[in-house]
Amino acid sequence: MATLRQQIATNVLTVTRYRDLLRKIRSYRSSDDLSLVKKAYDFSLEHHKGSERESGEPYLAHPLQVATILAEMRLDTTAIAAGLLHDVVEDTTVTVDEIKTEFGEQVAHIVEGVTKISKIDFASSEDAQAENVRKMVLAMMDDIRVVLIKLADRLHNMRTLKFLSPERQHKIARETLDIYAPIAHRLGMNKVRGELEDLAFQYVDPISYDQVKDAIELRRKEGEAFLAEVQGVIEQKLKENKIQARVEARIKRLYSIWQKLQRQRISIDQIYDMLAMRIITQSETDCYAVLGIIHNQWRPVPGRIKDFIAIPRNNFYKSLHTTVISEKGHAFEVQIRTEEMHKMAEEGIAAHWKYKDGPVSARDEQRLAWLRQVVEWQRDIKNSNEFLATLKIDLYPEEVYTFTPKGRIVILPRDATPVDFAYTVHTEVGNTCVGAKVNGRIVALRYKLRSGDIVEILTQPGHHPSRDWLQFTKSSRARQKIKHWLNVHQRERAVEIGRKLIEKEARKYRISMKSLSDAELQRVSSENGLAKPEDLLAAVGYGKFSARSILARLVPPEEAQSFSGHAPTVPQTEDDTSGGFTSVVRRVFGGDNSAIKVKGHDDLMVYRARCCNPIRGEEIVGYVTRGKGVAVHSKSCSNVDNLLIEPERRIAVEWGRDAASPAWQAGYPVKLAVHCDNRPGMLKQIATVISDAETNIRNIEAKTEEESATVEIVADIADLKHLERIVTGVRKIPGVRDVQRLQKL
């Protein structure tokens, strides 16, 4: 009986949600025929019958909630019908062709796009992940509603994440922060982005989430009282000046606060915009009038006034921002915008996306300029990992507004340089850039541009990009163009070097290169997983294969006897004397062949790169360096992206299974930086946590300021889990703001 009552209650709740959905759609599309939505609901109800979510709710509750989120975005009925149907192809026996027959080409096309994205495993191997993100970007370009539905789907899944296992919670939350929240941000959908980030934050880093939440709660009552007082003053001033506007008060989002704490290494009391007022006016003219009123009432903080109305962000965000200080010394931010600007800021591209008679307007197409640009440069990027790294830079731009001498605005990422500026103007300007003038003064190419700078690029025909530029360029376009040029030209050089090395080795054994047929070269290339002989020669030139090993597989059997039957006619090179040379390299670079293995090779010298000092358990990547062997970097190393512009030098490496390895037994030296409050007993508590984890502390230093301190510790760490255990323990100490692993010892 109880089960029957529960079933009836569930059915009533589902019908109620469906009616709420119809009411929402009618509120902004009163004249639309909703038969398509009703038909999609009935279809979804029929095919999801009997299925339940992890929460115990009927599965239909999920597509209904997704459709409701889409209705809150004020999307068209086609998108909402697709939202109701978005899981039927993936989770039931229904096919895309059946959807096409029942609901038409457009709905089927969108459902198919969402289904493809749903199958993407962003936590898969790096190569697969990068390729999947590439597919997702292409799906966005094809029909933006595909990704709007996927964002709505992810938002509802995040709201109900508590019903999953901790492992799945962390995986889905990490994926949300890495992929979905940045895409929402790039599309200007700040409301969705903010909720996704805060929901994911509590699962990705629960310790930091609780610390920030507790700190906010301690200040909430006082903050809300202060904001209410400020709101009253602003409303009174607006009334006196006869300006119609509504005023909203808010406290900054948790994840946004945490990001600022991490980036600026400050305490929560030093965050100027934690408290904020938003004033929504009737016109653009009123926005500037309100700014004057605010500055007459409170003192503005220099350098904190931003005019995104005159110069909008790339995602079409418009608003005036200023930070002011009250009579009592409280700093707070004020955002001023019109109703249309507010709608665009909250809903982004969804606020302007119109689907009425099929084709979109020119204005709406313009809003996808970023996506078209991404699709353009992704065609030039052959390596999927490079594409993913470049996309991540482009998804979360923090912008600097610069100008050409003729007054054209050039928007660049924060800390961008004249080289970034040059490539934004034109690829050839970037390639031939030799210098720059900023505000009429000659500056270095690594100079960090600031908003308002007037930049003039100096070029010289015949000049070429330098690998060093990758150390300081910030824009995805500049980095991709530099890498592309270097990759093409350095590969040509590697092929030439590889050919010369094989010819030199052949001469030692009196072997004629003419006897090596193209067919034999192709055979050896294929055996090594390479497409053509040029790839094999490049691999030898890069140092991935030795000339002798390749030659031994190329020469006919009767000639191969010379390798063992006759001494070479010239002395051995440094590369050939593997015993002595390898031991020297091992001593100098810290090689440990028992700890790290190169897949498919037993004779390559391996050493841990000093820039990142990877430890057992971390994801690692190998990079062939001529004369030194294989440098092994952590995948998170800041140098990896720059090093691997030549894919031929990349080589698969893995941690060895030898638990008796001396390096494993002794532990790896790891440097940690603990950012904390400056209070008595803090150093003792940190040392105790590390000592309790059975860890030897090699060195410890503390640097203090008035209220804060940084403690740097070098400790012996067995593996990644050991490190995570120590970091978690230290972060739980009251007053610890963050724990960072420093790459260099």
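Here is a short tour of the chain, from its overall make-up down to a few helices and single residues.

**The whole chain**

Keep in mind that this is a predicted model. The chain holds 31 helices and 21 strands. Of its 745 residues, 49% are buried. If you take contacts between residues at least 6 apart in sequence, 67% of them join residues at least 24 apart. The accessible surface adds up to about 36300 Å², and carbon and sulfur atoms account for 49% of that surface.

**Two helix pairs**

Let's start with helix α11 (residues 190–204) and helix α13 (residues 254–264), whose axes come within 8 Å and cross at roughly 70°. Angles from 65 to 115 degrees count as roughly perpendicular, so that is the label for α11 and α13. On the α11 side, the contact is made by Glu197, Asp198 and Phe201; α13 brings in Leu254, Tyr255 and Trp258. Sorted by class, this contact of α11 with α13 has four nonpolar and two charged residues, with no polar ones.

Now for helix α30 (residues 682–692) and helix α31 (residues 720–731). Their axes are 9 Å apart and the packing angle is about 150°. An angle over 145 degrees counts as roughly antiparallel, which means α30 is roughly antiparallel to α31. The crossing of α30 past α31 is right-handed. Here α30 uses Ile686, Val689 and Ile690, while Ile726, Gly729 and Val730 do the touching from α31. The contact of α30 with α31 has five nonpolar residues, one polar and no charged.

**A covered helix**

How many of the eight residues of helix α19 are buried? Six of them are, so this helix, spanning residues 418–425, is mostly covered. The buried ones in α19 are Pro418, Val419, Asp420, Phe421, Ala422 and Tyr423.

**Two loop residues with positive phi**

Next come a couple of backbone oddities. Arg74 has a positive phi even though it is a residue other than glycine, and Lys242, also not a glycine, has a positive phi too. Here they are side by side:

| Residue | Phi | Loop between | Relative accessibility |
|---|---|---|---|
| Arg74 | near 65° | α3 (61–72) and α4 (77–85) | 38% |
| Lys242 | about 55° | α12 (206–240) and β1 (245–251) | 79% |

Partly exposed or exposed: which label goes to Arg74? With buried ending at 20% and exposed starting over 50%, Arg74 is partly exposed because its value is 38%. Lys242, at 79%, is over the 50% mark and therefore counts as exposed.

**A buried isoleucine**

Last stop: Ile550, which sits in helix α24 (residues 547–554). Its relative accessible area is 0%, so Ile550 counts as buried. What does Ile550 touch, once residues up to four places away in sequence are left out? The list is Ile502, Val524, Asn528, Leu536, Val540 and Phe545. For a sense of how the chain comes back on itself in sequence terms, take Ile550 and Glu505: they are 45 residues apart along the chain, and their C-alpha atoms are separated by 9.9 Å.

How values were computed:
Residues are numbered from 1 along each chain as its sequence is written. This is a predicted model: local features need pLDDT of at least 70, side-chain atom pairs count only at pLDDT 80 or more; totals for chains, interfaces and linings use all residues. Side-chain values use heavy atoms; hydrogens and water are left out. Helices (H or I, at least four residues) and strands (E, at least two) are DSSP runs, numbered from the N terminus. Buried means under 20% relative accessible area, exposed over 50%, partly exposed in between (1.4 Å probe, protein chains only). Contact means heavy atoms within 4.5 Å. Accessible areas come from the Shrake-Rupley method with a 1.4 Å probe; for residues, only the protein chains shown count as cover. Axes are lines fitted to C-alpha atoms, for helices over the stretch in contact, and angles run from 0 to 180 degrees between N-to-C directions. Angles under 35 degrees count as roughly parallel, over 145 as roughly antiparallel, 65 to 115 as roughly perpendicular and the rest as oblique. Ala, Val, Leu, Ile, Met, Phe, Trp, Tyr, Cys and Pro count as nonpolar, Asp, Glu, Lys and Arg as charged, and the others, Gly among them, as polar. A crossing is left-handed if the near helix is turned anticlockwise from the far one by less than a right angle, and right-handed if clockwise.
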